[in-house]
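Subject: Structure handover

Dear colleague,

Please find the structure below, with notes on what was found in it.

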Amino acid sequence: MSETLFIADVHLDKAWPRIGDWFLDLLATRARDADAVYILGDLFEVWVGDDDDDPFYGQIQDALRALSDDGVPVFIQHGNRDFLLGPAFAERTGTTLLPDSAVIDLYGTPVLLMHGDQLCSDDDEYQRFRVTARDPAWQREVLAKSLEERRQIARYARSMSTQAQREMAGDITDVNPATVAATMLNAGVRHLIHGHTHRPAIHDGAHGERIVIPDWRPEGGGLVSWAPANHGLETWPAR
Ligand code: MN
């Protein structure tokens with residue numbers, strides 16, 4: 001069966017080994033038969049640089065490599081947590097980093113892919129942070145610091161950030177409907193797949209279909225499967 005898989009917001013972190021195991025299981029089983037796998041942001045809870053030599057990240061990268069070596073193309077977008085994923089990561093894993101907005105052809109249907117944070121235009125504080133975090137000069141400055149220093153900054157940022165606290169409380173700002181409509185119109189699509197908001201659903205609106213990928217949490221994860229004849233949300237592991 002032809003199928004393309006979409007996941008997002010796995011938030012891999014060695015503090016939650018079960019989630020890591022489910023992800024590795026997905027790559028080793030169902031993903032092997034997929035036409036392609038798209039990871040639309042926040043694969044990692046935090047990414048401080050491609051030079052991070054923590055074995056937890058090494059294991060994840062090896063598994064992505066094994067999947068791509070097996071002939072399954074894997075595409076990755078940046079999220080609001082792993083925006084420092086870079087070319088060394090892509091080379092090591094054999095994956096392709098996609099731009100923040102990408103229109104792909106899914107069995108003849110043009111579909112727009114995004115992490116989804118760009119659509120939450122009502123969150124002024126986050127959108128200001130996003131401009132900084134995506135600035136190449138700022139990223140170069142951060143990556144010039146030692147690995148240990150970057151790990152410390154990430155821990156501090158997580159403990160201090162109101163965004164992180166709200167995410168933990170399940171209070172992520174939802175997408176702005178007018179921003180969604182304008183974004184889909186500009187891209188010339190009737191289908192949008194994104195993550196980020198942790199509000200998995202399929203919405204049918206005047207501007208088309210918006211599919212929100214499930215986030216992964218200790219109680220379970222999920223995915224979007226798109227086959228030529230149908231598509232929908234599923235839990236992972238299956239239950
Ligand atoms: Mn996110």
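Not counting residues up to four places away in sequence, Ala36 touches Glu3, Thr4, Leu5, Val72, Pro73 and Phe75, where a contact means heavy atoms within 4.5 Å. This is a predicted model, in which local features need pLDDT of at least 70 and side-chain atom pairs count only at pLDDT 80 or more, while totals for chains, interfaces and linings use all residues. Residues are numbered from 1 along each chain as its sequence is written, and side-chain values use heavy atoms, with hydrogens and water left out.

Ala36 belongs to strand E2, residues 36–40. Helices (H or I, at least four residues) and strands (E, at least two) are DSSP runs, numbered from the N terminus. With a relative accessibility of 7%, Ala36 counts as buried; the classes are buried under 20% relative accessible area, exposed over 50% and partly exposed in between, with a 1.4 Å probe and protein chains only. One of the contacts of Ala36 is Pro73, and the two C-alpha atoms lie 5.0 Å apart although the residues are 37 apart in sequence.

Next, the salt bridges. The term stands for a side-chain nitrogen of Lys or Arg within 4 Å of a carboxyl oxygen of Asp or Glu, and by this rule the model has 17 salt bridges. As background, side chains of opposite charge can pair when their charged atoms come close.

Asp51 and Arg150 form one such pair, with 2.8 Å between the closest N and O atoms. Asp51 sits in the loop between E2 and helix H2 (55–69) and Arg150 in helix H6 (residues 147–160), so this salt bridge ties together parts that are 99 residues apart in sequence. Its two ends differ in accessibility: Asp51 is partly exposed at 43%, whereas Arg150 is buried at 4%.

Helix H6 also holds a pair within itself. Arg151 forms a salt bridge with Glu148, the closest N and O atoms being 3.5 Å apart. These residues are 3 apart in helix H6 and therefore separated by about one helical turn. Both count as partly exposed, Arg151 at 22% and Glu148 at 38%.

Glu148 has a salt bridge to Arg155 as well, at 3.5 Å from N to O. Through shared partners, salt bridges join Asp52, Asp53, Glu148, Arg151 and Arg155 into one network.

Regards
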